[in-house]
Amino acid sequence: MTNDEVRDEVRQWLAANWDPAMDRGRWAQLVFDAGWAVPSWEPEWWGRGLTDPQSRVVAAEFAAVGAPGTGHDRANLFATTLHDLGTDEQKRRLIPPSIRGETKWCLLYSEPGAGSDLAGLRTRADRDGDEWVVNGQKVWTSFAKTADYGLLVARTDWDVSKHNGITFFMFPMRQAGVEIRPIHQITGESEFNEVFITGARVPHANLVGEPGGGWSVLQLALAYERRLMGDLARTSRSAHKPQADTDSLVAMARNAGNLGDSHIRQEIARVEAYAAVNRWNTQRAKATTDRAEAATLLALGKIAMSRILHETARVQTEIVGPESMLTGPDNPVGDAVTFRTLNAYFTSIGGGTDQIQRNIVGERVLGLPKEPEPYRNAPFRELPH
Amino acid sequence: MITVEQRDLAEAVADLLVKRSPESEVRRLMADDAGYDPALWAELSEMGLLGLAIPEEYGGAGAGSVELGVVMEQMGATLLCAPYLSTAVLAANLLVALADPTECAEVLPRIAAGDLIATVAFAEPGSARPPDEPRTTARPDGSGWRLTGTKTFVLDALTAQRLYVTAGSGVFAVERGVPGLTVTPLATVDQTRKQGHLTLDDTPARLVGAIGAGADALDEALDRATVALLGEQAGGAMRAMEMSADYAKTRFQFGRAIGSFQAIKHMCADMLLEAQSALSAARHVAAAFDAAEPDRFADLALAQAYCSDAFVSVAATTIQVHGGIGFTWEHPAHLYLRRARTDAQIFGDPARHRERYVRLREAQS
């Protein structure tokens, strides 16, 4: 089946079935029954057996008419992880409600003591008959309040090395022993939560993979997450002009009355060069047929974006000067600059700090040796913390 | 987007230069007054590289900025010592821009054939950029002209058989060895690229193109040469970065390769970002010029400032990563820094290009 045939078919189907006034649940069932919820999955698992690019074609056609319900094969990390590594029983029980949008999920990975070193996590799960009892604290969880399940990594064996004692669960969120507190961020917003887990339970039937095999399940889930982040970055780039913030530096300086200042002019050009070369790197990565070249450029993208955001905010601070001391709705100029200054850390810390990213670039792209890890193979309980 | 043909071209040049421009040869030519190998120059001509920027009707390849750029990348990577930038890039582009059919027909085929070294003398003492109004004067003298003044930072001034000199509002051809012309070598930090100083004292010259057309033609030629220079800077930065990463894998201290220390690893990652970004900038701007995109001048200004800073920064960091050995004359790290610092001045410094960028942006909004 060609991409054009897929496009024609989905268009015809949407023309015949899509009605914005339809009940959401009924629509989700229609999409599910037709195989559009997970187009790239096998027909025996609710899909249509399409290719990955064809699945994006379907998503684009749904988006064009404003219809929800597709793309669970890319955006639903709960379902994609189970599809690849769950048992048949888990798939049949857990996936259909999820890809009909009836259940929601969140991620329970990071902990206060396990950020860059995620494998150092200390949330514990102890076997109790057909269940596991979970105790610990997770952090940086989006959508925790609305989630039915958390993708949970917990330590189940403290006598083996740190990567080998972790187990992956689909953890029920709506139970006693799960307390969710929003995190108050430096920007004043609250997108994330802390999740405190005290004696909460997860059925053994919700263990994904093998006990002690959670690290490799997590790698798959993280790979799907990175693919999703790439999709989101791509679609938001096509929706908005790239780095819209820097487009206004000249106008901002003109408004502030210092566009004639040679220092400000130099700084504007310097930061706009960072944004420009990042665009050109992305263009080159897209155009090349050399996969190593593309991978190198994409690996650099996050460090580059951190630099753009921090430097843009710094130059904006120089442009607005004393306004940057003021905040609140009466001071929109200074308020916006301060927001960007603080929000830049979202990118330079979130999803792997710039420093970890430089390690990854140094090791995976340039082939530099890893830092020695004296405790890599030691039993986890011997790790200093 | 680099095509298969362009990649093949780059690989052919790389293969040639690995054999014919190793460090030992670079060092030999650094100490040589002429500063290039005529046999290699002939090979560059046979490969069609000297005529890349020259239209086919004048014996060249009529290639674009992208082809020229990928060739410059390889030349920059090996610090090739040759009058390529002066002759095959700057002088050739100036003649194309001046569009003087007689001069083009006489000179461009000889450049492409490797039979003529030519250069352009535009800067005057105090700046590497063309002066708003040259102090060098031109006065008519029968069928010809006479030039008086001084020019400096002239690339390959000593080896050039023909010098194109800006004076008044025109460009004039001056032959090597004519009375009233004194060419003095400049003591340059970068010995891989020779420069000279010209004193013109009622020197006989021939007008090329029309009076009044000189400044615009020079601006166009300098922009095109600057596009080519981006490739050289990117190629040099890439090679210096690779040298550093390789060294960080093989140099052991404290029982470990130094590249396993984050202090070194992060420097290498930053160098990779700078060098790859410079390469993307060079390739993008070359393609933008070939496509005559409206934003190409703003892109060039931004890219030239960025690539200058990036090459200097990568070359400087290369010395630091190499530690003590990088501080020795025998190690090539400093040769890249010398080239980088010269490249960051020869067609205007980064601050000047940034200012040009902001002016272009102001004019848009």
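# A walk through a predicted two-chain model

Let's start in chain B, at Leu79(B), which sits in the loop that runs between helix H4 (65–78) and helix H5 (84–98). Keep in mind that what you're looking at is a predicted model. Leu79(B) has a phi near 55°, and that's a positive value in a residue that isn't glycine. Is Leu79(B) buried or exposed? With a relative accessibility of 3%, Leu79(B) counts as buried, because anything under 20% falls in that class.

Chain B has another residue of this kind. Asp202(B) is not a glycine, yet its phi is positive too, at about 55°. You'll find Asp202(B) in strand E7 (residues 195–208) of chain B. Asp202(B) has 28% relative accessibility, so it counts as partly exposed.

How far does the predictor trust all this? For chain B the mean pLDDT is 97, and 100% of the residues reach 70 or more. For the complex, the predictor gives an ipTM of 0.95 and a pTM of 0.92.

Now for the place where the two chains meet. Chain A brings 41 residues to the contact and chain B brings 42 residues. Between them, about 3600 Å² of area is buried, with carbon and sulfur atoms giving 59% of it. On the chain A side, the residues that lose the most area to chain B are Arg265(A), Trp280(A) and Leu366(A), which together make up 19% of what that side buries.

There's plenty of polar business here as well. Between chain A and chain B there are 21 residue pairs in polar contact, and the count of salt bridges between the two chains is 10. One of these salt bridges joins the side chains of Arg361(B) and Glu272(A), at 2.7 Å from N to O. Which elements of chain A give two or more residues to the side that touches chain B? They are helix H9 (249–256), helix H10 (262–287), helix H11 (291–320) and helix H13 (354–365). H10(A) supplies the largest share of that side, with 14 residues. Sort the residues on this side of chain A by type and you get 19 nonpolar, 9 polar and 13 charged.

Let's stay with salt bridges for a while, since the structure holds 57 of them over all chains. Take Arg7(B) and Glu293(A), whose side chains meet at 3.9 Å, N to O. This pair crosses between chains: Arg7(B) belongs to helix H1 (residues 4–20) of chain B, and Glu293(A) belongs to helix H11 of chain A. The two partners don't fall in one accessibility class: Arg7(B) is partly exposed at 31% relative accessibility, whereas Glu293(A) is buried at 15%. Both residues also take part in a network of salt bridges that links Arg284(A), Asp290(A), Glu293(A), Arg7(B), Glu73(B) and Arg283(B).

Other salt bridges stay inside chain B. Arg27(B) and Glu23(B) are one such pair, with their side chains meeting at 2.8 Å, N to O. What separates Arg27(B) and Glu23(B) along the helix? They are 4 residues apart in helix H2 (residues 23–30) of chain B, so about one helical turn lies between them. Arg27(B) is partly exposed, with a relative accessible area of 22%, and Glu23(B) counts as partly exposed at 35%.

Asp343(B) and Arg193(B) make another salt bridge, at 3.1 Å from N to O. Asp343(B) lies in helix H10 (residues 333–346) of chain B, while Arg193(B) lies in the loop between strand E6 (181–185) and E7, so this pair ties together parts that are 150 residues apart in sequence. Are these partners buried or exposed? Asp343(B) is buried, with a relative accessible area of 0%, and Arg193(B) is buried as well, at 8%.

To finish, hop over to chain A and look for Pro97(A), in helix H6 (residues 88–99). Leaving aside residues up to four places away in sequence, Pro97(A) touches Glu102(A) and Thr103(A). You can also use Ala79(A) as a landmark: Pro97(A) and Ala79(A) are 18 residues apart in sequence, and their C-alpha atoms are 9.8 Å apart in space.

Key:
Residues numbered from 1 in each chain as written. Chains lettered and ligands numbered in written order. Predicted model: local features only at pLDDT ≥ 70, side-chain atom pairs only at ≥ 80, totals over all residues. Heavy atoms only, no water. Buried < 20%, exposed > 50% of the residue type's maximum accessible area, 1.4 Å probe, protein only. Contact = heavy atoms within 4.5 Å. Buried area = accessible area lost by both parts, 1.4 Å probe. Salt bridge = Lys/Arg side-chain N within 4 Å of Asp/Glu carboxyl O. Polar contact = N/O pair within 3.5 Å; in protein donor to acceptor, adjacent residues only side chain to side chain. Nonpolar A, V, L, I, M, F, W, Y, C, P; charged D, E, K, R; others polar. pLDDT = per-residue confidence, 0-100.
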